[in-house]
Amino acid sequence: MVCLACLLPLFLVPIVNILPLLFYYIMGKVYGILGWEYRKPERVPPACPYKPAAKNDSKVGVEAVPGAPESVSEAVGVADEKRD
């Protein structure tokens with residue numbers, strides 16, 4: 001004999017996996033009754049736990065001089081006009 005507590009995960013996992021689909025189905029029906037359009041939200045693909053997300057590398061050793069103004073390469077006296 002196998003205890004019922006051991007069999008519970010076998011039946012619980014498929015039920016938990018179907019819950020989002022059941023929710024979207026019911027929400028689609030409710031929105032349809034109200035005359036609205038229900039669109040499922042876009043889901044993000046799962047991230048791999050072994051590869052961290054790409055991060056921008058900030059160089060710690062190279063720092064800008066504080067207070068130094070950035071140069072602007074624009075001719076003096078040239079008006080801002082839209083050019084085709």
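I began at the end of the helix, where I found that helix 1 is followed by Gly35, a residue whose phi is positive, near 85°. I keep in mind throughout that this is a predicted model.

**Helix 1.** I then went back along the element itself and noted that helix 1 covers residues 4–34, which makes 31 residues. From its first C-alpha to its last I read a reach of 43 Å, close to the 45 Å expected at 1.5 Å a residue. Looking for a bend, I found a kink of about 35° at Leu19 in helix 1, shortly before the proline Pro20. For the inventory of secondary structure I wrote down one helix and zero strands in the protein.

**Aromatic rings.** I next looked up ring contacts, and the count comes to four aromatic pairs. One of them joins Tyr31 and Trp36, with 5.6 Å centre to centre and 75° between the planes; I entered this pair as edge-to-face, because the angle is over 60 degrees. I also checked how much of each partner is accessible: Tyr31 counts as partly exposed at 25% relative accessibility, whereas Trp36, at 55%, counts as exposed. Both residues belong to one aromatic cluster, in which I also listed Phe23, Tyr24 and Tyr38.

**Pro41 and Tyr24.** Moving past the helix, I placed Pro41 in the segment after helix 1. I computed the separation of its C-alpha atom from that of Tyr24 and obtained 9.6 Å, the two residues being 17 residues apart along the chain. Tyr24 is the residue I had already listed in the aromatic cluster. For Pro41 I noted a relative accessibility of 48%, and therefore I recorded this proline as partly exposed.

**Cysteines.** I searched for disulfides and found that the structure holds zero of them. I looked up the accessibility of two cysteines as well: Cys3 is partly exposed, with a relative accessible area of 41%, and Cys6 is likewise partly exposed, with a relative accessible area of 49%.

**Whole protein.** Last, I turned to the totals. How much of the protein is made up of buried residues? I found that they make up 1% of the 84 residues, where buried means under 20% relative accessible area. The protein exposes about 9,200 Å², and I noted that carbon and sulfur atoms supply 63% of this area.

Conventions:
Residues numbered from 1 in each chain as written. Predicted model: local features only at pLDDT ≥ 70, side-chain atom pairs only at ≥ 80, totals over all residues. Heavy atoms only, no water. Helix = DSSP H or I, 4+ residues; strand = E, 2+ residues; numbered from the N terminus. Buried < 20%, exposed > 50% of the residue type's maximum accessible area, 1.4 Å probe, protein only. Areas by Shrake-Rupley, 256 points an atom, 1.4 Å probe, with all protein chains shown as cover. Disulfide = S-S within 2.5 Å. Expected span 1.5 Å × (residues − 1). Bend = angle between axes of the 7 residues up to and from the residue. Phe/Tyr/Trp six-rings, centres within 6.5 Å; stacked < 30°, edge-to-face > 60°.
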